[in-house]
Amino acid sequence: MSEPREIADRLLDAQVEFLLAEVTGERFAEVIARDVDAVIAVADTLIFRDVVELDHAKQTVATIVDLIGGSPVLADMVGVFSDSIYDHIATNNDYTLGQVVDREPVEALLEKIFGMHQAQERILDRLTESPLVATVASKFVDKLINDFMQTNRERAEKIPGVSSLMSFGQSAANRAMKAADGTFVGDLAGKGAMFALKRTNNAIREMLRDAPVHSAAMEFWDLHADEPVSGLREYLSQKDLNELVLICYEIAVTTREKEYFGLLVDECVEVFFTKYGDYTLAAMLPELGLSGDDIATEILRYGPAVIEGAKRNGVLGKLIRERLEPFYSSEVVLGILGGAAG
């Protein structure tokens with residue numbers, strides 16, 4: 001049996017060398033192009049829903065969301081990314097905001113937001129249910145009235161004799177406000193807050209529906225569109241941006257852990273299956289914006305460096321030999337080689 005064993009070892013060495021040559025230099029690109037075409041040809045014969053079960057897909061997506069969404073790398077880098085972006089924005093004067101973001105989609109977005117009357121009505125209606133918001137609205141209205149009164153007072157005080165009369169009136173009003181606390185008049189003040197809120201809501205409704213809010217918003221956009229992107233840093237400090245990004249990340253991470261979010265993910269997977277379940281695997285590539293050439297290009301972008309490194313340190317040859325050696329040392333192969341030698 002020594003001769004078949006020697007032949008088997010020589011065949012193993014030859015195949016290892018052959019496979020190493022397949023991933024060397026220009027030959028590697030030819031192999032990748034050939035194999036990608038072969039894989040796509042096979043994928044064109046397979047229907048998506050026949051090879052991927054719905055429940056398995058849900059589990060896979062849930063695993064990706066769970067593992068990647070909460071990965072230490074993402075948690076560590078999110079703050080670093082925000083700082084890096086801020087540093088780049090702070091020094092970049094080569095691009096204007098209008099060059100980065102087109103005007104048309106911004107205009108469409110604002111038009112849609114200002115035209116969402118049902119959402120606006122619902123928000124304003126819910127605001128009336130909050131006593132604290134009513135108090136804020138009341139203070140807002142009071143502030144407007146006080147500013148108006150202050151302006152008129154300053155004008156009136158220029159008229160002889162009116163200054164002392166207005167001081168008397170203000171003193172009487174202050175005493176009346178103190179006396180109102182805890183009384184029927186105080187209750188009226190609380191109702192006045194709700195009245196102020198409703199008046200404020202009505203003013204907001206009229207402004208959104210009748211006033212040229214959309215045009216004003218686009219004018220605000222146009223004022224910034226021709227300015228360098230670096231001007232955005234005037235709205236936020238680096239610390240503010242970092243904290244906002246971390247807060248948003250925390251919201252995303254904690255939301256991801258909720259059962260309801262899992263239901264949303266499952267629903268998205270079901271919708272995907274409904275739309276693409278009858279596609280072949282190959283037909284789905286264009287829907288994802290990919291082609292065979294794209295896949296081959298990305299493999300060739302990173303593959304050669306990885307493979308060359310594995311060849312240099314001997315790991316690749318060792319792995320190939322470990323996979324093939326059991327076959328060549330098997331009794332079946334040795335028997336065949338022994339029979340051929342005889």
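Let me start with how the contacts are spread along the sequence: in this predicted model, of the contacts in the chain with a separation of 6 or more, 86% are between residues 24 or more positions apart. The chain that makes these contacts contains 18 helices and zero strands, and of its 342 residues, 23% are buried. As for the surface, the accessible area comes to about 24,000 Å², and carbon and sulfur atoms account for 62% of that area.

I would like to take one helix as an example, namely α13, which runs over residues 238-256 and so has 19 residues, spanning 27 Å from its first C-alpha to its last, close to the 27 Å expected at 1.5 Å a residue. Which residues of α13 are buried? They are Leu241, Asn242, Tyr249, Val253 and Arg256, and because they cover an arc of only 100° around the axis, they lie on the same side of α13. In general, an α-helix has 3.6 residues a turn, so residues three or four places apart point the same way. The partners against which the buried residues of α13 pack are α4 (54-69), α5 (72-91) and α14 (259-276).

Finally, a word on confidence, where the mean pLDDT of the chain is 84 and 84% of the residues reach 70 or more. Confidence is highest in helix α17, residues 315-328, with a mean of 95, and lowest in helix α10, residues 162-180, with a mean of 51. Over residues 179-186 the pLDDT is below 50, and this stretch has two contacts in the model beyond near neighbours in sequence. Where pLDDT is low, the predicted coordinates should not be read in detail.

How values were computed:
Residues are numbered from 1 along each chain as its sequence is written. This is a predicted model: local features need pLDDT of at least 70, side-chain atom pairs count only at pLDDT 80 or more; totals for chains, interfaces and linings use all residues. Side-chain values use heavy atoms; hydrogens and water are left out. Helices (H or I, at least four residues) and strands (E, at least two) are DSSP runs, numbered from the N terminus. Buried means under 20% relative accessible area, exposed over 50%, partly exposed in between (1.4 Å probe, protein chains only). Contact means heavy atoms within 4.5 Å. Accessible areas come from the Shrake-Rupley method with a 1.4 Å probe; for residues, only the protein chains shown count as cover. The expected span of a helix is 1.5 Å times one less than its number of residues. The arc is that of the directions from the helix axis to the C-beta atoms. pLDDT is the predictor's confidence in each residue, from 0 to 100.
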